[in-house]
Amino acid sequence: MGGIYPPGSTIKMAVALAGLESGIIDYKDKFFCKGYKEVGDSNFHCWAKNGHGNLSLIEAIEQSCDVYFYELGLKVGIDRIASMLKKLGLGQYYDIEIDDRAKGVVPNIEWKLKRDGINWSLGETLNASIGQGYILATPLQLAVMTSRLATSLSVMPKIIKTSEKTDNIVSGFSALNINQSDLKIIRDGMFNVVNGS
């Protein structure tokens, strides 16, 4: 539970939410996926070799389109992405009864400069936008992130005995201060991942 791994596409909802919450995009805004995104001399590929075509945010979440999130990541920037990831529970320890705990890594411009003494690059933003590169998370952090997206509360993990009542398990958690309309858009995309065509 405490091992750290690149979270991959699981963090695309956080990138989308960072874009919506900052007002940089609207859920109707579309980006075109031709199968790759050119940045400088490099091509950053989508998992769909021939591309997805024109996608809205909800469609991009459903299809897990890498190019859409490359485009979105460039607009939003790594610092806003990092801030949203932390708000949703990544990059922190949780005080529960497990032996192996890890903080993970939520990189940003300042982190890279302190760690390596060099500036953050656009390519690193593209990698981070699809949960690759420096980003590392634990399975527990991703479960917390999903719980926070589902409830819009600052859910904290805890271990309960099966004999305890669980009726009010989310009581006592504060609101995340995220626009409910934005959260609904993210949830609609997540719903379509499982139930869409």
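Which two strands form a hairpin, and which residue in the turn has a positive phi? Select E2 and E3: these strands make the hairpin, with two residues between them, and Gly40 in the turn has a positive phi of about 60 degrees.

Before you go further, please note that this is a predicted model, in which local features need pLDDT of at least 70, side-chain atom pairs count only at pLDDT 80 or more, and totals for chains, interfaces and linings use all residues. Residues are numbered from 1 along each chain as its sequence is written, and side-chain values use heavy atoms, with hydrogens and water left out.

**Stop 1: the hairpin**

Stay with E2 and colour E3, residues 42-45, beside it. The two strands run antiparallel and are joined by four bridges; strands pair if DSSP finds at least two bridges between them. Helices (H or I, at least four residues) and strands (E, at least two) are DSSP runs, numbered from the N terminus. Now pick Glu38, and you will find Asn43 of E3 standing opposite.

**Stop 2: from E2 to helix H3**

Next, show the side chains of Lys37 and Glu71, which meet in a salt bridge of 3.3 Å, N to O. A salt bridge here is a side-chain nitrogen of Lys or Arg within 4 Å of a carboxyl oxygen of Asp or Glu. The pair links distant parts of the chain, with Lys37 in strand E2 (residues 36-39) and Glu71 in helix H3, 34 residues apart. Are these two residues buried or exposed? Both Glu71 and Lys37 are buried, where buried means under 20% relative accessible area, exposed over 50%, and partly exposed in between (1.4 Å probe, protein chains only).

While you are in helix H3, click on Leu74. Leu74 is partly exposed, because its relative accessibility is 30%. Leaving out residues up to four places away in sequence, Leu74 touches Lys37, Val39, Leu122, Thr125 and Leu126; contact means heavy atoms within 4.5 Å.

**Stop 3: the aromatic cluster and the core**

Now select Phe31, Tyr68 and Phe69, which form one aromatic cluster. The whole structure has five aromatic pairs. In the pair Tyr68 and Phe69, the ring centres are 5.4 Å apart and the planes stand at 65 degrees, so this pair is edge-to-face. The rule is that rings of Phe, Tyr and Trp (its six-membered ring) pair if their centres lie within 6.5 Å, with planes under 30 degrees apart counted as stacked, over 60 as edge-to-face and the rest as tilted. Tyr68 is buried at 1% relative accessibility, and Phe69 is buried at 0%.

Widen the selection to the largest nonpolar core, which has 49 residues; Leu57, Tyr68, Phe69, Leu72 and Leu88 touch the most other members. A nonpolar core is a set of buried Ala, Val, Leu, Ile, Met, Phe, Trp, Tyr and Cys residues joined through side-chain atoms within 4.5 Å. Among the elements giving two or more residues to this core are helix H1 (12-21), strand E1 (31-33), helix H2 (57-63) and helix H3 (66-76). H1 gives the most, with seven residues. Centre the view on Leu72: apart from neighbours within four places in sequence, Leu72 is in contact with Val15, Ala16, Gly19, Ile25, Phe31 and Leu57.

**Stop 4: both ends of H5**

Move to helix H5 (residues 109-116), where Asn108 caps the N-terminal end: a side-chain oxygen of Asn108 lies 3.2 Å from the backbone nitrogen of Glu110. Just after H5, Gly117 takes a positive phi of about 75 degrees. Show Arg115 and Asp116 too, since they form a salt bridge with the closest N and O atoms 2.9 Å apart. Arg115 is partly exposed at 49%, and Asp116 is partly exposed at 33%.

**Stop 5: H8 and the loop before it**

Finally, select Lys184 and Asp188, a salt bridge with its closest N and O atoms 2.9 Å apart. These two residues are four apart in helix H8, so about one helical turn separates them. Asp188 is partly exposed at 28% relative accessibility.

Which residue in the loop between H7 and H8 should you click last? Choose Ser152, which is buried at 11% relative accessible area. The side chain of Ser152 makes a polar contact with the side chain of Gln180 (3.3 Å). A polar contact is a pair of N or O atoms within 3.5 Å; within protein, one must be able to donate a hydrogen and the other to accept it, and residues adjacent in sequence count only if both atoms are side-chain atoms.
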